[in-house]
Amino acid sequence: MKIHDISREIKEGMVVWKNRDSKRPKFTVTAEYSKDHANESRIDMDMHTGTHADAYFHMLKDGEKIGGIPLDRFIGKCRVLDMTRAKGMITEKDLNGCKIKKGEIILLKTRNRPEREFDSEFAFVGREAAAYLAKKKIKTLGVDSLGVERNQAGHDTHKILFSNGIAVIEGLELSGVKPGDYFLVALPLRINADASPVRAVLVEGIGK
Ligand SMILES: [Zn+2]
């Protein structure tokens, strides 16, 4: 069984949304082995930093919080689609022909490389593409940017996906995996919040 780790490492110098310091994780050591005979620490981190799942509550006033979203959105067979040619906005045309089926977990591999630097021109999912995915009734959309959309007034992409019950996983690290069929595990914490960090992995060989 081959397991691909598609999560970003959580560390102080990691790339964060718009390079905002407030988004950077802060680690505090609260016990040290040499003094306290144990190592313990705390972390203070934005829920949308690194690889994370968004709750519908993130963009919908009465939306479900992350701990209440059905777990089948975050674990199951999935497909990584090659969107590396999409320059800025991923459109319906890019997705057309990918034979997207009802109930699929779809991950979009783009030219984004947010492990290196925050690129304000990152590839994102346009509102027509989101409406297309909603029409196809997919279960989950995963992207390799820190946001599924970028600077869109009204946050249409998020809202279309969330109001159709589509879960969103952002900040995936897909540069090391080939497009194709896999089994995804990216479970959020059981927490009453607008998002949660996930440890995302793709398992090869049991995707079909
Ligand atoms: Zn988010």
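This is a short tour of the structure, one selection at a time.

**The whole chain**

Start with everything in view, and keep in mind that this is a predicted model. Colour the protein chain by secondary structure, and you can look for four helices and 13 strands. Along its principal axes, the C-alpha trace spans about 60 × 40 × 35 Å. How does the radius of gyration fit a compact globule? For 208 residues such a globule would have a value near 17 Å, and the chain has 17 Å, so the two agree. Of the 208 residues, 38% are buried. Contacts also reach across the sequence: among those with a separation of 6 or more, 75% link residues 24 or more positions apart.

**The sheet**

Next, select the strands of the nine-stranded open sheet. Walking across, you meet them in the order E1-E13-E11-E5-E7-E9-E10-E4-E12, and the pairing is mixed. Which strands form the edges? They are E1 (2-5) and E12 (195-197), each of which pairs on one side only. Now turn the view to look at the twist: neighbouring strands of this sheet are turned by 30° against each other on average, direction ignored.

As a general note, strands of a sheet pair through backbone hydrogen bonds, either parallel or antiparallel. For one example here, select residues 180-185 (strand E11) together with residues 201-204 (strand E13). These two strands run antiparallel and are joined by three bridges. Zoom in on Leu 184, and you will find its bridge partner, Leu 202, in E13.

**Helix H4**

Move on to residues 156-163, which form helix H4. Show the side chains of Thr 157, His 158, Ile 160, Leu 161 and Phe 162: these residues are buried. What covers them? The cover includes strand E8 (124-125), helix H3 (127-135), strand E9 (140-143) and strand E10 (167-170). E9 and E10 may look familiar, as both belong to the sheet you have just walked across. Before leaving, click on Gly 165, just after H4, which takes a positive phi of about 70°.

**Thr 28**

For the last stop, select Thr 28 in strand E2 (residues 26-31). Is this residue buried or exposed? Thr 28 has 9 C-beta neighbours inside 10 Å, so it counts as exposed, the cut-off for that being 12 or fewer. Leaving aside residues up to four places away in sequence, Thr 28 touches Ser 41 and Arg 42. Finally, draw a distance from Thr 28 to Asp 44: they are 16 residues apart in sequence, and their C-alpha atoms are 8.3 Å apart in space.

Notes:
Residues numbered from 1 in each chain as written. Predicted model: local features only at pLDDT ≥ 70, side-chain atom pairs only at ≥ 80, totals over all residues. Rg over C-alpha atoms; globule rule 2.2 N^0.38 Å. Buried ≥ 20, exposed ≤ 12 C-beta atoms within 10 Å, placed from the backbone. Contact = placed C-beta atoms within 7 Å. Pairing = 2+ DSSP bridges. Axes fitted to C-alpha atoms, helices over the stretch in contact; angles between N-to-C directions.
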